[in-house]
Each structure stands twice: as structure tokens, then as C-alpha cells.
Amino acid sequence: IYSYSYIAVNIYVKIYTSSPFLVCMDLALSQREVIDPNYLWIGPDGKNLKGKGYVNLTATGKLMMKGFKTQMSGSYTCTLSYKTIQTDTQKETNNFKTYKFMLYAYREPDYTYQISVRFTTKECGIEANGQFFEELKKILGDLISDLTCQVIEPSYKCHFVKLPKHGLLDELFVTFKVNPFAPGWEALCSQFSYDCEDVTNSKVQKARELIEEFFHKQTYILRHEFRNVPAIHYIDHSFEVTRIDSCRPGFGKNDISHNDCAGCCVVCDRGMYSPNNEVICRTCRNIRIKHYGAKSC
């Protein structure tokens, strides 16, 4: 990735992965002959990066950060010095250009799915509604337990619904959330040497698919396996799902300052912090936070 001599380039590096190669040169200069180039890379701490174990620095001035961590976020500056030689007089002139890159660690957000479904019922006030709801929770929990996913915040309400060309119908409005943090998920993540939101997100996506498939099957079962329609049954096409993102402490979303990575959980900037799993970094007004990824103020 090339920079410009007049503006910093923002680079987003997924945590625990390697950055792309940063080139100590602008694109226009790279198309020309450069004589006696010398490259000086300075990291966020103001020190020369040459010889550091966590960098890959090539002879042509390209820099790669290896195993990117939160504390590696910040400003990376390269000063390029080179010569130009006049053809007629062979006069040598020293030239200097400075290039700046802003590197930010980021994570994928943690996924939670909010799901809502509806059922017809005989009456709103009958005890069978609560019994049905308890049984439904157990079925859904068992369905996804092998994925270390869980159903949280389940609830239901009964409403009277007036449909076109029909009278009043009693319906159960059921809502719940599904997340990948059932007991045992930490042990699952400990098997990996990197942060495992990719694994947990994959599992909760699978859990969502299993639940959706379960409700879609209810329509088929109702039509083909019941002679008499039960009083409480799933309403076809009532399944609705919304993904809710959250960020780990020290990370947040900001589609204004980080519009090139708007869907990412980006490390909180200096002066900001995130103490929990919200999706925003807060401004700290009590003290001056000098590091990236602060979790407290």
C-alpha cells in the first residue's frame, strides 16, 4: 500500500494477523528511477523499527507488521532519502520525503440474533400458553446446545389481531435472542491461538439456520401430519430475524472516523475507551488516555 507525501493513509489490520506491506514511497515516485534510496521507519513509540522481531522490513523499504496486536496501533512514519543527479553537470542533490500511515487493530463484531415468531392460540388467558412457551424454550435450547450457543431473554405476549376479512384472532408473539456464549464457549476458544470471534460467529450463524429450519418445518408438519389443527400452532412466514453486533471491551464502531471499516470493531482511539460489549467508544474526560484500546477511564 502506497502513501502520499501530504496525508496519512488509514490501514485496518485484523488482530493477530499480519498487515499488508506498507511502501515507503508514493505511487508516482515508484514509477521513476530512485538513486541511493534509504528508508527510516519510526513506530508509534518514536523508535526505529529496524531489527524489531515483530516487523518484516525489506531492503526496498517495505514494512509488514506481524501478529498485529492492540498496542501496535498508531502512527507509522517512513522517511525516504534519495539522490537526483543532473545529467549534464553530474551534480548530486539530496532529497527527502516523509510518508505516514495510521494503523488500527480491528476485530469482527460478535453476532447475536434477535428472532421473533408468532403462533395462533385458542385464547390469550389459558394456562396452556405458558406451558407451550416453556416447552418451546426447551426444544430450541436443545436444538443448538451442541454449538455452545444459547437462547437468552425469551418472552411472549398474547395479542388480539384483526386480519382483513377475518374476525379477531388470538396470537402469541414470541421473541428471543441467540448468542454463541453458552457455558463452555471459553474452553472452545482456548483451543485456538488467535481470537476466536470467527469461530463463535460461525457457530451462532449455524444456530440461527437450525432454528429457522425448525420453524419452516412446522408449516410442513402442520399440513401433512395433523388431521386436526392444534389450538397452538406456528403462523407461516412469521419468522423474523435481526443481527445485533457487539464489540469486545477496548473496541467500537465509528462509521464517520473509520468509514473505510464501518462494519468493524476498531480499537478505541487515544482519549477514548470502551468498558463493555457496547458498539461505541466513549470519550474519557477524567484523565488523558495515551494508548489505544483502553477499557477504562
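Me: Is Tyr 4 buried, partly exposed or exposed?
Reply: In this predicted model, Tyr 4 lies in the segment before β1 (9–14). Buried means under 20% relative accessible area and exposed means over 50%. The relative accessible area of Tyr 4 is 42%, so the residue counts as partly exposed.

Me: Which residues make the nonpolar surface patch of about 380 Å²?
Reply: Residues in such a patch have over 30% relative accessible area. Tyr 4, with a relative accessible area of 42%, meets that cut-off. The nonpolar patch of about 380 Å² is made by Tyr 4, Tyr 6 and Ile 7.

Me: What distance separates the C-alpha atoms of Lys 52 and Met 65?
Reply: Lys 52 is placed in the loop between β3 (35–42) and β4 (55–57). The residue is partly exposed, with a relative accessible area of 31%. Lys 52 and Met 65 stand 13 residues apart in sequence, and from C-alpha to C-alpha the distance in space is 9.9 Å.

Me: Which element supplies the largest share of the lining of the second largest pocket?
Reply: The second largest pocket holds about 160 Å³ of space. Its lining includes Asn 38, Tyr 39, Leu 40 and Trp 41, and also Asn 48 and Lys 50. The largest share, four residues, comes from β3.

Me: How much of the span of residues 8–107 is strand?
Reply: UniProt, in an unreviewed entry, lists residues 8–107 as "domain: Zona-pellucida-binding protein 1/2 N-terminal". The end C-alpha atoms of this span lie 22 Å apart. Helix accounts for 4% of the span, and strand for 51%.

Me: How many residues apart in sequence are the parts tied together by Lys 97 and Asp 26?
Reply: The side chains of Lys 97 and Asp 26 meet in a salt bridge, with 3.4 Å from N to O. Lys 97 belongs to strand β7 (residues 92–107), whereas Asp 26 sits in the loop between β2 (22–23) and α1 (27–30), so the pair ties together parts whose separation in sequence is 71 residues.

Me: Which of the two partners, Lys 97 or Asp 26, is buried?
Reply: The cut-off for a buried residue is under 20% relative accessible area. Lys 97 has 24% relative accessibility and therefore counts as partly exposed. With a relative accessible area of 10%, the buried partner is Asp 26.

Me: What is the relative accessibility of Glu 197, the salt-bridge partner of Arg 107?
Reply: The closest N and O atoms of Arg 107 and Glu 197 are 3.7 Å apart. This pair links distant parts of the chain, with Arg 107 in strand β7 and Glu 197 in helix α4 (residues 197–224), 90 residues apart. Arg 107 counts as buried at 11% relative accessibility. Glu 197 also counts as buried, and its relative accessibility is 1%.

Me: By about how much of the helix are Asp 142 and Lys 138 separated?
Reply: A salt bridge of 3.1 Å, N to O, joins the side chains of Asp 142 and Lys 138. Both residues belong to helix α2 and are four residues apart, so their separation is about one helical turn.

Me: How many salt bridges does a search of the whole structure find?
Reply: Salt bridges that share partners join Asp 36, Lys 83 and Glu 92 into one network. The pair of Asp 142 and Lys 138 is also joined by a salt bridge. A search of the whole structure gives a total of 15.

Me: Which element gives the largest share of the lining of the largest cavity?
Reply: The structure holds one cavity of 30 Å³ or more, and the largest cavity has a volume of about 30 Å³. Among its lining residues are Phe 133, Leu 136, Lys 137 and Leu 140. At least two lining residues each come from α2 (128–144), β9 (150–162) and β10 (168–179). The largest share, four residues, is supplied by α2.

Me: What distance separates the C-alpha atoms of Leu 210 and Leu 140?
Reply: Leu 210 is found in helix α4 and is partly exposed, with a relative accessible area of 21%. Leu 140 is one of the residues that line the largest cavity. Along the chain Leu 210 and Leu 140 are 70 residues apart, while their C-alpha atoms are separated by 9.2 Å.

Notes:
Residues numbered from 1 in each chain as written. Predicted model: local features only at pLDDT ≥ 70, side-chain atom pairs only at ≥ 80, totals over all residues. Heavy atoms only, no water. Patch = residues over 30% accessible without salt bridge, like charges linked within 9 Å, V, L, I, M, F, W, Y side chains within 5 Å. Areas by Shrake-Rupley, 256 points an atom, 1.4 Å probe, with all protein chains shown as cover. Salt bridge = Lys/Arg side-chain N within 4 Å of Asp/Glu carboxyl O. Buried < 20%, exposed > 50% of the residue type's maximum accessible area, 1.4 Å probe, protein only. UniProt positions renumbered as here; feature names shortened; annotations may be inferred. 1 Å grid on protein atoms, 1.4 Å probe; cavity = no way out; pocket = protein on both sides within 12 Å on 5 of 7 lines; lining within 4 Å. Points joined across faces, edges and corners; volume = space filled by probe spheres on them.
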